[in-house]
Amino acid sequence: RNMSRSGQDGSQPKGNADRPEFEKLYEAHGDLVYAKAMSILRNHSLAADAVQETWLRVVRALDRGFRPDNPQAWLFTIAGREARRILGRFRVRPPVDEVETPSRDGNAEIRETREQIHAALSRIPRDDRELLWQRYMLERPHRELQKKYGLSRSGLWGRLRAALDRL
């Protein structure tokens, strides 16, 4: 597939007026966009899908004339939303149940930190671990969580606070 900037007849393709702007964004933030998607999805293939959709949305917005005040924040928002959209299709259970046990080799400080994290997570009921994961790792909106868990606003805040206090 020919990916040149001009059409076969030498004319500019429709909507491609700002490819240099796109290239500048991609060069400056491409790795960070991928890192954002990976931090949410934890799967290279799914992260690549989220990144591709992110850049497609960026091209469309640039073609409409949109210019963000804070490009990095704008890109992170798009990448995060795309990654969460993909994650939502799979109804993945949070991987906090699968915290690795400390290894026998390696740095003692890292081993101790892993033990502390494992102990803290084990003190929290599974439903509360999932609620924390949904809110803070997947950045689900409060209203969505209220509806999903059948909680009032104060009920949701109370459960989140109690779970965080147990950590």
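These are short notes on the fold, one bent helix, one helix pair and two arginines in a predicted model.

1. Overall make-up. The protein has 7 helices and 0 strands. Along the sequence the pattern reads α-α-α-α-α-α-α. Of the 167 residues, 32% are buried. Among contacts with a separation of 6 or more, 60% come from residues 24 or more positions apart.

2. Helix α1 is not straight. It covers residues 19–41, and its end C-alpha atoms span only 28 Å. A straight helix of 23 residues would span 33 Å at 1.5 Å a residue. Where is the bend? α1 bends by about 60° at H29. H29 is itself buried.

3. Burial along α1. The buried residues of this helix include R19, F22 and L25. G30, V33, K36 and A37 are buried too, as are M38, I40 and L41. An α-helix has 3.6 residues a turn, so residues three or four places apart point the same way. Several of the buried positions can be read with that spacing in mind, including F22, L25 and H29.

4. The residue after α1. R42 follows the helix and has a positive phi, near 55°. R42 is not a glycine. Most residues other than glycine have a negative phi. This backbone angle is therefore worth a look in the model: R42 has a positive phi although it is not a glycine. R42 sits in the loop between α1 and α2 (44–63). Is R42 buried or partly exposed? Its relative accessibility is 48%, so it counts as partly exposed.

5. R140 in its loop. R140 lies between α5 (126–137) and α6 (142–149), in the connecting loop. Its relative accessible area is 13%; because the cut-off for buried is under 20%, R140 counts as buried.

6. What R140 touches. Which side chains make polar contacts with the side chain of R140? One is Q134, at 3.0 Å. Another is E144, at 3.4 Å. Setting aside neighbours within four places in sequence, R140 is in contact with R84, G88, Q134, R135 and L145. Q134 thus appears both in this contact list and as a polar partner.

7. The α6–α7 pair. The axes of α6 and α7 (residues 153–166) come within 10 Å and cross at roughly 95°. The range for roughly perpendicular is 65 to 115 degrees, so the two helices are roughly perpendicular to each other. From α6, H142, L145, Q146 and Y149 take part. They meet R153, L156, W157, R159 and L160 in α7. L145 is also among the contacts of R140.

Terms used
Residues numbered from 1 in each chain as written. Predicted model: local features only at pLDDT ≥ 70, side-chain atom pairs only at ≥ 80, totals over all residues. Heavy atoms only, no water. Helix = DSSP H or I, 4+ residues; strand = E, 2+ residues; numbered from the N terminus. Buried < 20%, exposed > 50% of the residue type's maximum accessible area, 1.4 Å probe, protein only. Polar contact = N/O pair within 3.5 Å; in protein donor to acceptor, adjacent residues only side chain to side chain. Contact = heavy atoms within 4.5 Å. Expected span 1.5 Å × (residues − 1). Bend = angle between axes of the 7 residues up to and from the residue. Axes fitted to C-alpha atoms, helices over the stretch in contact; angles between N-to-C directions. Parallel < 35°, antiparallel > 145°, perpendicular 65-115°, else oblique.
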